[in-house]
Amino acid sequence: MLSLISSTTRVSSSIRRTLYHHRPFLLGYHENNRSRSYSTSSSSFIEAPHNHTSPDIRNDSSPPSMPTRGRKKTTDGDEVKQKEPVKTTAKLKEEISELMESFPFSDPGAFCETVKRGDFTGKIHMFLLDFESTGVSRYISSKVIDIGAAHIIRDGDHVKISDDRFYQLLDPGCVSSIYAFNYHKILRSETRGKPSFKDVFPKLKQWVTEKAQVTDNDACVFLMNHFARMEQMTLANEFTEDLKVPDNWYFADGSSIFVPRRPLAEIYKELFNREPKKKNRANYDVDILGKCISKSVSDYSSLEQSVLSILSQPVTRYI
């Protein structure tokens, strides 16, 4: 008997909840002085005549009005356009293609040919460089969010990484994309108020010149943890007519020194039998790449030849 009462109570509660949630259909629905009377005895409904004094006037044969995406209505019934996304997917692809075609750096392939012919009379200075970016989406273009560098010193014929490093967090003026943030975990609050790339790049250029005593006849090659079209696009997006890269600067994919090419963290684990303690920040990745090169490359001349080989290859290979 108690079981029957309990079961009946549960059914009654279920019916009450159903009636409560469907009360607009059972009791009538009103929108902009236009009422709809729904019949509980059949699946059809009877729509009351429109109030033609309402600002929202449509023919009886037209379908019920639905919210318009990207628009909202004022109290007078006028539609107001909301702020559209900065870029559509097609526009984004077009911009990426333009940036790739107008990549604002010197041709590394032509430089390698000059070296092979023996026409290059200066010195090749090598640096480690890395930066994290905001990533790219329909709403933002990729911007540099932090940057780090170290000098690769020729100690006799051995490779040595300088202890003096360059590092700076930057304010990109926007938040990172979800994908980029999940990678580097740099919060907007960490970068807000920091100097911009335009403010920091002259300092980096001065730091490079002073560390290596670079002359006009010399060349600077920057080995990065990963240098592909995404990195190209980010740098191309940062540099303008007022902020140019020196003609004797070249960028190369540092991970390609190791065969087969694979993520830097995997290379580090193979060489040191442990995971890197910290990674995915510019200063951490510069340190990891420097340790891997010092551990695996026996002499400076071999490293230089490997770097020239990498520079002669197209960047699109590394996508």
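Two residues are in contact when heavy atoms of theirs lie within 4.5 Å. The exercises below use this term on a predicted model.

**Exercise 1. Describe where H151 lies, whether H151 is buried or exposed, and which residues H151 touches outside its neighbours within four places in sequence.**

Solution. Begin with the place in the chain: H151 belongs to strand β7, which covers residues 144-155. Next take the accessibility, which is 10% in relative terms for H151, and compare this value with the limit of under 20% for a buried residue, so that H151 counts as buried. Finally, once the neighbours within four places in sequence are set aside, the contacts of H151 are M126, F127, K160, I161, S162, W207, K211 and A212.

**Exercise 2. Classify the ring pair of F166 and W207, and state which parts of the chain the pair ties together.**

Solution. The structure holds 13 aromatic pairs. In the pair of F166 and W207, the ring centres are 5.9 Å apart and the planes stand at 50 degrees, so the pair is tilted. As for the elements involved, F166 is in strand β8 (residues 158-169) while W207 is in helix α7 (residues 197-212), and the pair therefore ties together parts that are 41 residues apart in sequence. Both partners can then be checked for burial: F166 counts as buried at 12% relative accessibility, and W207 is buried with a relative accessible area of 10%.

**Exercise 3. Classify the ring pair of F197 and F239 in the manner of the previous exercise.**

Solution. The centres of these two rings are 5.3 Å apart and their planes stand at 80 degrees; angles over 60 count as edge-to-face, so the pair of F197 and F239 is edge-to-face. This pair links distant parts of the chain, 42 residues apart, with F197 in helix α7 and F239 in the loop between α8 (229-238) and β10 (249-253). F197 counts as buried at 6% relative accessibility, and F239 counts as buried at 8%. To place both pairs in a wider setting, note that ring pairs link F127, F166, F197, F201, W207, F222, F227, F239, W249 and F251 into a cluster.

**Exercise 4. Work out how helix α9 and helix α10 pack, and which residues make the contact.**

Solution. Helix α9 (residues 264-272) and helix α10 (residues 282-296) pack at an angle of about 45 degrees, with their axes 10 Å apart. That angle makes α9 oblique to α10. The crossing in which α9 passes α10 is left-handed. On the side of α9 the contact is made by L264, I267, Y268, L271 and F272, and on the side of α10 by D285, I288, L289, K291, C292, K295 and S296. For a closer view of one of these residues, F272 touches K291, C292 and K295, leaving aside its neighbours within four places in sequence. The C-alpha atoms of F272 and K295 are 8.9 Å apart in space, although the two residues are 23 residues apart in sequence.

**Exercise 5. Find where the backbone of Q213, N273 and P260 departs from the common pattern.**

Solution. Most residues other than glycine have a negative phi, and most peptide bonds are trans. Q213, in the loop between α7 and β9 (219-224), has a positive phi near 50 degrees, and Q213 is exposed with a relative accessible area of 58%. N273, in the loop between α9 and α10, has a positive phi near 60 degrees, and N273 is exposed at 69%. The last case concerns the peptide bond from V259 to P260, which is cis with omega near -5 degrees; P260 lies in the loop between β10 and α9.

How values were computed: Residues numbered from 1 in each chain as written. Predicted model: local features only at pLDDT ≥ 70, side-chain atom pairs only at ≥ 80, totals over all residues. Heavy atoms only, no water. Helix = DSSP H or I, 4+ residues; strand = E, 2+ residues; numbered from the N terminus. Buried < 20%, exposed > 50% of the residue type's maximum accessible area, 1.4 Å probe, protein only. Phe/Tyr/Trp six-rings, centres within 6.5 Å; stacked < 30°, edge-to-face > 60°. Axes fitted to C-alpha atoms, helices over the stretch in contact; angles between N-to-C directions. Parallel < 35°, antiparallel > 145°, perpendicular 65-115°, else oblique. Left-handed = near helix turned anticlockwise from the far one by under 90°.
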